[in-house]
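The exercises below move from whole chains to a single helix and strand, and each task is followed by a solution worked in steps. Please keep the sequence and the structure at hand while reading.

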Amino acid sequence: MIPIDIIQKTAETLMDKAAIEIPQDYLDGLQAAANVEDGDLSSFVLEAMLENYKAAKEDRRAMCGDTGTPRWYVKMGNETRIEGGPIALEAALRRATANATNGVPLRPNRVHPLWRTDHDNNVGIGAPEIEYGYEPGGEWIDLITVHKGGLFGTDYRMLFPSDGIQGIKRFYLDCLVAFGKRGLACQPAIIGIGLGGCKDTCMVLGKRAACLRVVGSRNSDPRIAELELELKELGNSIGMGAMGFVGKSMVIDANIEVGYCHTGGMQMSVHAFCLSSRRAVARVFADGRVEYRTDPDWFTDYQRRETVEWDMPQNHEKSA
Amino acid sequence: MGHASKPRKIRLSTTPTPEALAELRLGDVVYLDGLIYTAREGVYKRALEDKANIPMELPGESAANFHCSPAAAINEDGTFRLGAVTATASFRFSKWIGQWMAKSGAKLIIGKGGMSVKDYQEHFVPNGAIYLTTVGYGTGALLGRGVKRVKTVHWNKELGLAQAMWVFEADNMGPFIVESDLAGNSLFERENAKISANLEKVYEGTVPAVLKRFGETDDRSDEMIG
């Protein structure tokens, strides 16, 4: 049984870490981009961002004033039980979100879509989102918070098999060029691409590809992995850099996730996870132990399974 | 970092003289001193549509309008805790900006992504104003460091923390980049034009989507933010 007070306390720490500490994989990716960038203005912007990450950590203040829309991805092992059950878990995550909004402080971004009511705590109807995943074996809970920002950089297109890879490239470029202008996508970004599923799941896949995979990770399907690298290079060949200035740093990494779709279609979504790629992860065990990390490790073989059955004992060690 | 040359750095008052503004060139990096206030859709609607009295002396106290909501909180004793400060995209405020400038005398509009050249020509040039863009986006922690203190916050009860009118004392606050000059030229548009020249090559071999949807455009000059 996982103690609920440790879940809430850990969740509060994660909110703070996500807002303030740029994940090392993204930082390394941005440093690599800065090293090759030769556009005058783009270079200046990347240098300023590197300085900004340092300032955020030194001052323990949020790295960006738009602290995004906090959400939770929760994953559990098959044997996990939470003290107080799922209702207590959700209450703890809502409390942590509200407390951290005032504590860090974060910007209270969440408002009612029509009445613009702001509770000043990032909590409201459907906010924060809480999504779940499960793994075979183990008694632990992974708490993953992502504070993705932005009104720009995300789009969906219904493609068809006849659109092919060139149609995928076309939509990818359309998104990067349109949202990259004036830097509205807050690039260079981790670009997540969802392919397949239904319209809603396609959006979910793309968002998770952007937010739940680290820079440098590759899809386990080698042909998809190859396409990821190709799209990364294509994005960086547009001639556009940070803030839409002339440059070559648009994409820190391109991540693709797929889901089986309707036989006649090839749904595609594109998501840009910005210069402040806010994500933080912790695993809480039944004995109260907490391990912090920045890799959500969401897309395990189990999450990408294609088969009807899953052979629990054989895959237990790998997935837990 | 490669072969990039460094842009010019300039200190500027938030109640700038016309001469100081005339000195600025597109792409200059600016650091601000003086009072800055935040105003975005909430403040614009309240001041311009609901005709509420602006609770500051403008532009005497400040001629710098920041399109911003800070990551900040008000303590129980009425003091403030300010963390990071970054801008929100400005092009959405086009419908109010002319009227706001006339009413507030703002000379510096600070935000994200700039506004259209049409807005610069119609509203900024006649009012002797320029646009400063934040950098990144965004350098929230650096800008937060540049706020010496929060002087006050107006209309937080009416508008909520995110839309309230925050008043900051800026001390060498930056970096910002000069996006428009007194003649209404735009740095973003200049860069867009250079990048567009390469687009045909990048797009080579790709195909338009089989399903064409009403409302989508293939005409690059037809986008809302060009």
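**Exercise 1. Determine what share of the contacts in chain B with a separation of 6 or more comes from residues 24 or more positions apart, and describe the overall build of the chain.**

Solution. In this predicted model, residues 24 or more positions apart account for 66% of the contacts in chain B with a separation of 6 or more. The next step is the secondary structure, which for chain B comes to seven helices and nine strands. The radius of gyration of chain B is 19 Å, close to the 17 Å that the globule rule gives for 226 residues, so the chain is as compact as a globular protein of that length. Taken along the principal axes, the C-alpha atoms of chain B fill a box of roughly 65 × 45 × 35 Å, and 46% of the 226 residues count as buried.

**Exercise 2. Carry out the corresponding description for chain A, beginning with its helices and strands.**

Solution. Chain A has eight helices and nine strands. For 320 residues a compact globule would have a radius of gyration near 20 Å, and the 20 Å of chain A agrees with that. The C-alpha atoms of chain A occupy a box of roughly 55 × 50 × 40 Å along the principal axes, while 53% of the 320 residues count as buried. Of the contacts in chain A with a separation of 6 or more, 78% are accounted for by residues 24 or more positions apart.

**Exercise 3. Into which domains is chain A assigned, and how many residues of each are in contact with the other?**

Solution. The domain assignment of chain A gives domain 1 as 4–17 + 63–149 + 279–319 and domain 2 as 150–273. The C-alpha centres of these two domains of chain A lie 24 Å apart. Across the boundary, 11 residues of domain 1 of chain A are in contact with 10 residues of domain 2 of chain A. By class, the side of domain 1 that touches domain 2 has five nonpolar, one polar and five charged residues.

**Exercise 4. Work out which element of chain A gives the most to the side that touches chain B.**

Solution. Begin with the totals: 62 residues of chain A are in contact with 55 residues of chain B. The elements of chain A that each supply at least two residues of this side are helix H2 (24–36), helix H3 (40–59), strand S4 (155–159) and helix H5 (164–180). H3(A) gives the most, with 13 residues. By class, the side of chain A that touches chain B divides into 30 nonpolar, 15 polar and 17 charged residues.

**Exercise 5. Which residues of helix H4 of chain B are buried, and what covers them?**

Solution. Within helix H4 (residues 117–124) of chain B, the buried residues are Asp119(B), Tyr120(B), His123(B) and Phe124(B). Seen down the axis of H4(B), these residues fall within an arc of 105 degrees, so they line one face of the helix. The general background is that an α-helix has 3.6 residues a turn, so residues three or four places apart point the same way. What covers the buried residues of H4(B) includes helix H3 (94–104), strand S7 (130–134) and strand S9 (165–180) of chain B.

**Exercise 6. Is S7(B) largely enclosed or open, and which way do its residues point?**

Solution. Five of the five residues of S7(B) are buried, so the strand is largely enclosed by the rest of the structure. Ile130(B), Leu132(B) and Thr134(B) point one way from S7(B), whereas Tyr131(B) and Thr133(B) point the other way. Strand S6 (residues 108–111) of chain B runs parallel to S7(B) and is joined to it by four bridges; one of the partner pairs is Gly111(B) with Thr133(B) of S7(B).

Notes: Residues numbered from 1 in each chain as written. Chains lettered and ligands numbered in written order. Predicted model: local features only at pLDDT ≥ 70, side-chain atom pairs only at ≥ 80, totals over all residues. Buried ≥ 20, exposed ≤ 12 C-beta atoms within 10 Å, placed from the backbone. Arc of directions from axis to C-beta. Contact = placed C-beta atoms within 7 Å. Domains from an automatic or database assignment. Nonpolar A, V, L, I, M, F, W, Y, C, P; charged D, E, K, R; others polar. Rg over C-alpha atoms; globule rule 2.2 N^0.38 Å. Pairing = 2+ DSSP bridges.
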